[in-house]
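Trainee: Could you take one part of this model and go through it closely, working outward from a single residue to the elements around it? I would like one connected account rather than a list.

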Amino acid sequence: MDDATPLPLPPAEHSAASGWLLTVTQLPTEDPSSRMRVLRTLESLGAAVMREGVFLLPDTPANRQSLQTLTEYILKVAGSAYLLHVGAVTPEQHEEYKKLFDRSARYESLIKTVESLRVGFGHSDPSAISRVVHKQRREFETIAALDFFPTASRARAQETLTAADAEVRKLLFPAQANAALAPGEALLGRTWVTRKPLWADRLASAWLIRRFVDPEATLTWLEKTQPLPENALSFGFEGAHFTNSETRITYEEMINRLDLAKNGALLKIGSIVHYLEVRGTPVAEAAGVQTLLQGAMRRSNSDTELLAEAEKTFDLLYEAYYQPPKS
């Protein structure tokens, strides 16, 4: 662990508090690494600072176990620590202590951030908005994990996130049909276009086109206001030949409409891309794929280079998941 990493502690499962826990510590000044770990751990538990070396938490089973683990560590690194139960406090003192754990300001800041996203509805890329909402959802979970005395702000934050999730989902999955392909329209040797910015769904769809649909495809990345080239096939944006449906992202629509849905490897990749774009059912491999795509974005100087890097990731995923037909 580095200096900023808290100690491993049991998960926070807060039940009703029965009094308070006071931790009195004296940390070794000659060991800054251990000192930082202790302070980071107390911060991660949501402890209130009463004065230097004195920290307060509600007395719950989870907090008691965590602080006992921390006390043992402090003693191990030649510090001193005392864990005290404080049960006899006046109602006035109890209310004053509760104020030290009021998370309302953090919830209100989160609400403000989520509501500010509405300005981009219909203008910004829905996938980008979805990622911001998901980030705020994780922030809510972080705050709630240390919210020992929930207030109305917590409920408002939850309602704001739920409403934003619903609105963004409507943007991601519009109740409209894809642009029609002409009967028997050829798909080989065509120009395929999508709009910037490129992320998981558009990158995976471009890889799918190149590998399974049109190996000779010319791929073009358009700015939002650029007109479509004549006779081009489009994907990954509203009104395109292939775009999100009510339940599927563009990649999933393509494998479904182009008779590729029997390929289990492509379906598995689809589940990863779906999660990266719009969340939903978690997929274990998604975090690793996200990291690889972010790395590709940072090392690429153009969208063409980005696709070339992303194709390596999707090629490797396909090779990992593909199961040859049994003879």
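**A helix in the core and its surroundings**

Mentor: In this predicted model, a good residue to begin with is I269, which touches W207, Y251, F314, L317, Y318 and Y321 when residues up to four places away in sequence are left out. I269 is also among the residues with the most contacts inside the largest nonpolar core, a set of 61 residues in which W192, Y251, L293 and F314 are listed alongside I269. A second core, separate from that one, has 23 residues, including A48, Y73, A81 and Y97. In soluble globular proteins, nonpolar side chains tend to be buried together.

The helix around I269 is α9, residues 264–278, whose 15 residues reach 21 Å from the first C-alpha to the last, close to the 21 Å expected at 1.5 Å a residue. Eleven of these 15 residues are buried, so α9 is largely enclosed by the rest of the structure. The buried residues include nonpolar ones such as L266, I269, I272 and V273, but H274 and E277 are also on the list. As for what encloses them, the buried residues of α9 pack against α5 (126–145), α6 (152–172), α7, α8 (250–257), α10 (286–299) and α11 (303–321). At the start of the helix, a side-chain oxygen of N263 reaches to within 3.1 Å of the backbone nitrogen of A265, while after its end comes R279, with a positive phi near 65°.

Two of the packing partners of α9 can be followed further. The first is α7, residues 200–213, which contains R202. R202 is buried, at a relative accessible area of 12%, and its side chain reaches the backbone oxygen of R195 at 2.8 Å. Beyond R195, the residues that R202 touches include D125, T194, K196, P197, F235, G236 and F237, again without counting residues up to four places away in sequence. R195 belongs to strand β5 (residues 191–195), which two bridges join to β7 in a parallel arrangement, and in that pairing V193 of β5 has S234 of β7 as its bridge partner. The sheet concerned is open and consists of three strands in the order β6-β5-β7, with parallel pairing; β6 (218–222) and β7 (233–234) are its edge strands, each pairing on one side only. K196, one of the residues that R202 touches, is linked with E223 and D303 in a network of salt bridges.

The other partner to follow is α6, where R156 forms a salt bridge with E108, the closest N and O atoms being 2.2 Å apart. E108 lies in α4 and R156 in α6, so this pair ties together parts that are 48 residues apart in sequence. Both ends are partly exposed, E108 with a relative accessible area of 32% and R156 with 37%. A further salt bridge joins R248 to E253, with the closest N and O atoms 3.1 Å apart; here R248 counts as partly exposed at 30% relative accessibility, whereas E253, at 5%, counts as buried. These pairs belong to a total of 19 salt bridges found in a search of the whole structure.

Methods. Residues are numbered from 1 along each chain as its sequence is written. This is a predicted model: local features need pLDDT of at least 70, side-chain atom pairs count only at pLDDT 80 or more; totals for chains, interfaces and linings use all residues. Side-chain values use heavy atoms; hydrogens and water are left out. A nonpolar core is a set of buried Ala, Val, Leu, Ile, Met, Phe, Trp, Tyr and Cys residues joined through side-chain atoms within 4.5 Å. Buried means under 20% relative accessible area, exposed over 50%, partly exposed in between (1.4 Å probe, protein chains only). Contact means heavy atoms within 4.5 Å. Helices (H or I, at least four residues) and strands (E, at least two) are DSSP runs, numbered from the N terminus. A polar contact is a pair of N or O atoms within 3.5 Å; within protein, one must be able to donate a hydrogen and the other to accept it, and residues adjacent in sequence count only if both atoms are side-chain atoms. Two strands pair if DSSP finds at least two bridges between them. The expected span of a helix is 1.5 Å times one less than its number of residues. A salt bridge is a side-chain nitrogen of Lys or Arg within 4 Å of a carboxyl oxygen of Asp or Glu.
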